[in-house]
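Colleague: I'm new to this one. Could you walk me through the terms as we go?

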Amino acid sequence: MTKKCLLIVDLQNDFCPGGALPVKDGDKIVGPINRIMNKCDLVIASKDMHPAKTVHFDRWPVHCVRGTNGSEFHPELSSEKIGFVFEKGTGNKDDGYSAFEATNKNLEEFLKESKVDVLYVCGLATDYCVKATVIDALQRGFKTFVVTDCIKAVNVNPDDGEKALREMKDRGAILIESKEI
Ligand code: VGL
């Protein structure tokens with residue numbers, strides 16, 4: 001039996017409309033993500049968890065600061081189904097785009113110990129944390145799917161999301177829709 005793991009990247013208030021670094025329609029993927037949780041053997045998530053002062057905020061507005069509401073999951077996410085939350089960007093010098101940079105637990109070791117064969121990645125945002133996480137997963141040898149209707153892009157430039165999808169695909173990720181899981 002193939003062991004499927006769903007990895008939900010940074011579905012936090014600050015990345016949703018009304019948050020400090022809102023991704024357009026970031027909240028629209030919450031419903032579809034809730035619906036695919038039951039199709040996977042294991043559900044885990046990452047959270048951006050920054051200190052109040054970090055070099056990361058030289059580039060971005062202050063967001064996802066530990067202890068603030070902005071760092072919490074979107075309230076409609078079925079977070080009770082999430083088995084573990086990997087925290088990243090926790091230092092004052094690291095961006096922590098990839099979930100594989102988590103500092104509270106080693107994601108690669110966790111996936112290997114959990115005998116995960118296949119990783120399904122979704123969440124925010126396509127062109128930053130999703131992309132970085134997917135590239136790291138591929139480099140570590142995991143068969144990695146990107147769930148295209150369960151991601152949204154920041155789009156600093158309008159085609160950043162499209163470019164990120166192409167790059168992930170070129171590096172070996174498989175793009176699928178949630179109904180195919
Ligand atoms: C993210 C920009 C800055 C993300 C995090 O979660 O994709 N994007 N920090």
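Modeller: Sure, here are a few calls and the rules behind them.
Modeller: This is a predicted model, where local features need pLDDT of at least 70 and side-chain atom pairs count only at pLDDT 80 or more, while totals for chains, interfaces and linings use all residues. Residues are numbered from 1 along each chain as its sequence is written, and side-chain values use heavy atoms, with hydrogens and water left out.

Colleague: How do you know how many disulfides there are?
Modeller: A disulfide is a pair of cysteine sulfur atoms within 2.5 Å. The sulfur of Cys 16 has its closest cysteine sulfur in Cys 64, 9.3 Å away, so that is too far for a bond. The count by this rule is zero.

Colleague: What makes Cys 16 buried or exposed?
Modeller: Buried means under 20% relative accessible area, exposed over 50%, and partly exposed in between (1.4 Å probe, protein chains only). Cys 16 has 2%, so it's buried. Cys 129 comes out at 5%, so Cys 129 is buried too.

Colleague: Which backbone or side-chain atoms make polar contacts with the ligand?
Modeller: For a polar contact we want a pair of N or O atoms within 3.5 Å; within protein, one must be able to donate a hydrogen and the other to accept it, and residues adjacent in sequence count only if both atoms are side-chain atoms. A side-chain N or O atom of Asp 10 is 3.0 Å from a ligand oxygen. Ala 125 has a backbone N or O atom 2.9 Å from a ligand oxygen, and for Cys 129 a backbone N or O atom is at 3.0 Å.
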